[in-house]
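Biologist: I am new to this model and should like a close look at a single part of it. Please introduce the whole chain briefly, then follow that part through its surroundings.

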Amino acid sequence: MRILRIPHTLPVLLLAGISCVTGPAHAAGPDFQYVGQDDRVHGLTAPRGCVAAEGGGGRAVTNTTRGPATLYQGPRCTGRVVGTLRPGEVAQVRPSFASVAFPVTG
């Protein structure tokens, strides 16, 4: 994974041939994206509540949602919290996660 910083613009994430601009303004595409243990890129658009991480999340994670994303080691947002990504954050995550909790807004 490479993060390119272009002067006077937002950082761009290049991940398996897919680019996603981080920050409040971003191109159309998944709001939450990760590389699973199955070596595939997975994406979620407008996620709410607890969502299963298909493919077992465990590598690069990008959160361009408007709220935090809390990663859980167990299914159905149970078990140990692996980490929390703020809006616009890109991170490497270890160990793997099985589910992700997103804020539920009206």
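Modeller: A residue is called buried when its relative accessible area is under 20%, exposed when that value is over 50%, and partly exposed in between, using a 1.4 Å probe and protein chains only. By this rule, 42% of the 106 residues of the protein chain are buried. This is a predicted model, in which local features need pLDDT of at least 70, side-chain atom pairs count only at pLDDT 80 or more, and totals for chains, interfaces and linings use all residues. Residues are numbered from 1 along each chain as its sequence is written, and side-chain values use heavy atoms, without hydrogens and water.

The chain contains ten strands and zero helices; strands are DSSP runs of E with at least two residues, helices runs of H or I with at least four, and both are numbered from the N terminus. Contacts here mean heavy atoms within 4.5 Å. Of the contacts between residues at least 6 apart in sequence, 50% join residues at least 24 apart.

The part chosen is strand β6, which covers residues 49-63. Its disulfide is a suitable place to begin.

The structure holds one disulfide, a pair of cysteine sulfur atoms within 2.5 Å. This link joins C50 to C77, with 2.1 Å from S to S. C50 belongs to strand β6, while C77 sits in the loop between β7 and β8, 27 residues away in sequence, and the pair thus links distant parts of the chain. The link is right-handed, with 105° about the S-S bond. Its two ends differ in cover: C50 is partly exposed because its relative accessible area is 40%, whereas C77 is buried because its value is 18%.

Strand β6 also takes part in a salt bridge, a side-chain nitrogen of Lys or Arg within 4 Å of a carboxyl oxygen of Asp or Glu. The side chains of R59 and D39 meet at 2.5 Å, N to O. Since D39 lies in the loop between β4 and β5 (41-44) and R59 in strand β6, the pair ties together parts that are 20 residues apart in sequence. R59 is partly exposed at 29% relative accessibility, and D39 is exposed at 58%.

Another neighbour of this strand is A98, which is placed in strand β10. A98 touches A52 and A53, among others. From A98 to G57 the distance is 6.4 Å, C-alpha to C-alpha, although 41 residues separate them in sequence. A98 counts as partly exposed because its relative accessibility is 26%.

There remains the interior. The largest nonpolar core (buried Ala, Val, Leu, Ile, Met, Phe, Trp, Tyr and Cys residues joined through side-chain atoms within 4.5 Å) has 15 residues. Among those with the most contacts inside this core are F32, V61 and L71. The elements that give two or more residues to the core include β6, together with β4 (32-36) and β10 (97-102). F32 touches V61, T62 and N63, and its other contacts include L71, V100 and F102.

Conventions
Lists of a residue's contacts leave out its neighbours within four places in sequence.
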